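Thank you all for coming. I would like to take a few minutes to walk through one model, beginning with a pocket and then moving outward from there, so please have the display open in front of you.

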Amino acid sequence: MSTISPHPERIYLFRHAQAVWPEPTMRDFERPLSKRGVDDAAEIARRMKAAGYVPEVILSSSAMRCRQTADAAYRALDRIPSCRFIDDFYQAAPVTYIEAISDHADRQSVLICGHNPGIEETLLMLVGYEAFNATCPYGFPTAGIAVLDHAGAQQQAGDGAPEWKVTAFLAP
C-alpha cells in the first residue's frame, strides 16, 4: 500500500468512459468517447452530483477520451471544481497520479480522471488487495469512479490497515 503525504481528505479515481475503436489513421491519444461512453460519463456525473460528490479540483489526462469524461463531470457539477488537463497522465503509472494528488493536498478533495491500467493500479496501491477485490472484482470498469476517504487515526495506529478506504464506487 502506498502513502500520500501530505494528502487531501477525499480522492476520486475516475476511469474514462468507453472510447471508440481507433481508425487506421487515428492516434490513440485522439480517440473520442463512443456514444455509450458519452452517455455513461453523463450518467455517472449526474449520480456524483446527486450523492454530493463534488471535488474541489479535477485533474485529467489530456487525451481526448479523458477530456470528454472530465468535462461531463465538470458540467454536471455546475462548473464548481476547477479543471486541469495534464499530459503526463496519458499512460501514467500510479506514482504519477499519487504525486499529483499530493501536489494538491491543500484541497479537501481531488478527482483524478485517467486511464487503465494506471487508475486500477492506483486504487490497488491505496486500499490493498482485499478492498480492491471487494470493490471491483472484475477490474475497474470504464466510467467507474471510486470514492476514497482517508482512514485517519486508523492508519496512524500502525496496525497495518490501509491509509485509504473505499466509501463508494459508482459504475454504469
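Let me start with the largest pocket, which is lined by 15 residues, and of these His16, Arg31, Arg65, His115 and Asn116 lie nearest its centre. Please keep in mind throughout that this is a predicted model. The space in the largest pocket comes to about 190 Å³, and its lining, sorted by class, has four nonpolar, seven polar and four charged residues.

From that central group I would like to take His115, which sits in the loop between S4 and H4. Is His115 buried or exposed? His115 counts as buried, because its relative accessibility is 6%, which is under the 20% cut-off. Its side chain makes a polar contact of 2.8 Å with the side chain of Ser61. Not counting residues up to four places away in sequence, His115 also touches a list of others, among them His16 and Arg65, together with Phe89, Tyr90, Gln91 and Tyr97.

In the loop between S4 and H4 we also find Pro117, and the peptide bond that joins Asn116 to Pro117 is cis, with omega at about 10°.

Next, consider Thr69, which lies in helix H2, residues 64-76. Thr69 counts as buried, because its relative accessibility is 0%. A polar atom of the Thr69 side chain lies 3.0 Å from the backbone nitrogen of Ala17. Leaving aside neighbours within four places in sequence, Thr69 is in contact with Phe14, Arg15, His16 and Ala17, and further with Leu33, Ala41 and Cys113.

Let me turn now to the nonpolar interior. The largest nonpolar core has 24 residues, and those that touch the most other members are Ile11, Leu13, Leu59, Ile112, Leu123, Leu126 and Leu148. At least two residues of this core come from each of strands S1 (10-15), S2 (57-61), S4 (109-114) and S5 (145-150), and likewise from each of helices H3 (94-103) and H4 (118-135). Which element gives the most to this core? That is H4, with five residues.

As one example from this core, Ile11 is in contact with Ile4, Ile101, Val110, Leu126, Ala146, Val147, Leu148 and Trp164, again leaving aside its neighbours within four places in sequence. There is also a second, separate core of 23 residues, which includes Ile58, Ala76, Leu77 and Ala168.

Helix H3 deserves a moment of its own, since Pro94, Tyr97, Ile98, Ala100, Ile101 and Ser102 are buried in it. The buried residues of H3 pack against S1, S2, S4 and H4.

Finally, I would like to point out two backbone details in loops. Gln91 has phi near 60°, a positive value in a residue other than glycine, and it lies in the loop between strand S3 (82-86) and H3. Ala143, in the loop between H4 and S5, likewise is not a glycine and has a positive phi of about 65°. Where accessibility is concerned, Gln91 is exposed, because its relative accessible area is 63%, whereas Ala143 counts as buried, because its relative accessibility is 0%.

To close, I would return to His115, whose contacts include Gln91 as well as Tyr97, with Gln91 in the loop between S3 and H3 and Tyr97 among the buried residues of H3.

Definitions and conventions: Residues numbered from 1 in each chain as written. Predicted model: local features only at pLDDT ≥ 70, side-chain atom pairs only at ≥ 80, totals over all residues. Heavy atoms only, no water. Core = buried A, V, L, I, M, F, W, Y, C linked by side-chain atoms within 4.5 Å. Buried < 20%, exposed > 50% of the residue type's maximum accessible area, 1.4 Å probe, protein only. Helix = DSSP H or I, 4+ residues; strand = E, 2+ residues; numbered from the N terminus. Contact = heavy atoms within 4.5 Å. 1 Å grid on protein atoms, 1.4 Å probe; cavity = no way out; pocket = protein on both sides within 12 Å on 5 of 7 lines; lining within 4 Å. Points joined across faces, edges and corners; volume = space filled by probe spheres on them. Nonpolar A, V, L, I, M, F, W, Y, C, P; charged D, E, K, R; others polar. Polar contact = N/O pair within 3.5 Å; in protein donor to acceptor, adjacent residues only side chain to side chain.
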